[in-house]
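Student: Please take one residue in this model and look at it closely. How is it placed, and what does the rest of the fold look like from there?

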Amino acid sequence: MEFKKFTAGSQAYGQDQSLEDSPVEYAENVTNVNFYDPNFDSEWADPSSSNYNTYEESSLNLAICQTIIVEEKDGNVTYNASSPDELALTNAARHFGLVFKERDENGNIVIYDENSDSTIVYELFNIIEFSSARKRMSVIVKTPEGDIVCMTKGADSIMIPRLNPGQNELIKETLVHLENFANEGLRTLILAEKVVDPAYYRDGAVNTKKPLISTVDRDAKVEQVGELIETDFELIGSTAIEDKLKKMSARLFRSSNKLNVKLWVLTGDKIETAINIGFSCKLLDSEMEIFILSETTTKGLFRQLCECIAKQKQIGFSRDVATVVGGEQLSKITAQGKEKLLEEFIRLTSQSSVVIACRVSPKQKAEVVNIIRKHEEKNNITTLAIGDGANDVNMITAAHIGVGIRGLEG
């Protein structure tokens, strides 16, 4: 993963530039960053610039909202992260001059600000962890000024409804930037924060801490904490990361087509991002008929499936067909009592060369594999699942053959 672009307020930053050709000099041990924008550099160097405070808020979010483990050897600080995305984001803050140094003996977050040559300690109250179901994470800290701040990053589909009303214009502009990033095949996140009333936090502190250390129904209790705290945010920015694996995947996809292997791509990415990556990986091409299942009601989804199947029959074998479905639609298709809807979905996908399922959870990934196994059992179909992260484990174990990839990206 490489940090490529971001927004602060309504402004977008980052220009297309290969890492090899970039004139940017990165500090020692800064990895997973490929950011280039001369305009940003000049504005960031000027504290009087109109957007400076928003840059600082966005960079602080990247530096603080994380679960990085710091290792220091011979004076050099390196980061160990639970995901390459988090590594890219925290290193981006480091590149911008806000260096996460350590967690002190009390677990507080220590940031070194290169721009002011000062060390700042943020008292850590809580971390509400990221999960594939929550699709967001939050860190609650006390600033040196005494404010209690909840800093959050997460998927736009989850974060937009949690934003404070009255930001419609900023939300609209940010969504345009996110769509542009997604159309470039970049993975996006929303950055947000809010100041928490001390009395409110104090009264609810017991309720927020107990679930985080609970050993019984912990995930459900953490979700309840999130519903309590993670609301009414101020939108401060967004990020865009490039997944470098897509460049290596093209050879694999071309080979699989020759071997008559039908491909399903199950991803947490936005539909626009997944489609763009599909084209860059040669999984999709302009000659294909691409069906996008986007209806949000069961009735509308059934009608759309029937229309796609009818068009598929008209096309016949004249060109390949690809089907794209979102996690929300997949939930309706696989719901109990919706067997007819599932049957039509299987009819469509069985005649598709490629199926891309977007915004899917680990549970949904496993469900898809199990559905394919069940409905293709009579045809002696063998399923192979390949994944590179913890959220792929359910899918990998559900397939006939499961492969886990270990490397720089997972």
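Tutor: Cys65 is buried, with a relative accessible area of 0%. Buried means under 20% relative accessible area, exposed over 50%, and partly exposed in between, using a 1.4 Å probe and protein chains only. The model is predicted: local features need pLDDT of at least 70, side-chain atom pairs count only at pLDDT 80 or more, and totals for chains, interfaces and linings use all residues. Residues are numbered from 1 along each chain as its sequence is written, and side-chain values use heavy atoms, with hydrogens and water left out.

Does Cys65 have a bonding partner or none, and why? The closest cysteine sulfur, in Cys150, is 7.9 Å from that of Cys65, too far for a bond. A disulfide needs two cysteine sulfur atoms within 2.5 Å. The structure holds zero disulfides. Cys308 is in none either; the nearest cysteine sulfur, that of Cys306, is 9.3 Å away. Cys308 counts as buried at 8% relative accessibility.

Now the aromatic rings. Rings of Phe, Tyr and Trp (its six-membered ring) pair if their centres lie within 6.5 Å; planes under 30 degrees apart are stacked, over 60 edge-to-face, the rest tilted. That rule gives 15 aromatic pairs. One of them is Phe3 with Phe96: the centres are 6.0 Å apart and the planes at 75 degrees, so this pair is edge-to-face. Phe3 lies in strand β1 (residues 2–8) and Phe96 in the loop between α3 (84–95) and β5 (98–103), so the pair ties together parts 93 residues apart in sequence. Elements here are DSSP runs numbered from the N terminus: helices are H or I with at least four residues, strands E with at least two. Phe3 is buried at 0% relative accessible area. Phe96 is buried at 4%. Phe6 and Phe35 form another pair, with centres 5.7 Å apart and planes at 50 degrees, so this one is tilted. This pair also links distant parts of the chain: Phe6 is in strand β1, and Phe35 is 29 residues apart from Phe6, in the loop between β2 (11–13) and α1 (38–44). Both Phe6 and Phe35 are buried. Ring pairs join Phe3, Phe6, Tyr13, Phe35, Phe40, Tyr55 and Phe96 into a cluster.

Next, backbone angles. Most residues other than glycine have a negative phi. Asp117 is not a glycine, yet its phi is positive, about 55 degrees. Asp117 sits in the loop between β6 (109–113) and β7 (118–128). Asp117 is exposed, at 57% relative accessible area. Arg359 also has a positive phi, near 55 degrees. Its place is the loop between β15 (354–358) and α13 (362–375). Arg359 is buried, at 18%. Lys282, just after α9, takes a positive phi of about 70 degrees.

Last, the surface. Leu384, Ile386, Ile401, Val403 and Ile405 form a nonpolar patch with about 420 Å² of accessible area together. β16 (384–387) and β17 (401–404) each give two or more residues to the patch. Patches are made of residues with over 30% relative accessible area and no salt bridge, with like charges joined within 9 Å and nonpolar side chains (Val, Leu, Ile, Met, Phe, Trp, Tyr) within 5 Å. A salt bridge is a side-chain nitrogen of Lys or Arg within 4 Å of a carboxyl oxygen of Asp or Glu. Areas come from the Shrake-Rupley method with a 1.4 Å probe; for residues, only the protein chains shown count as cover. Ile401, in strand β17, is partly exposed at 45%.
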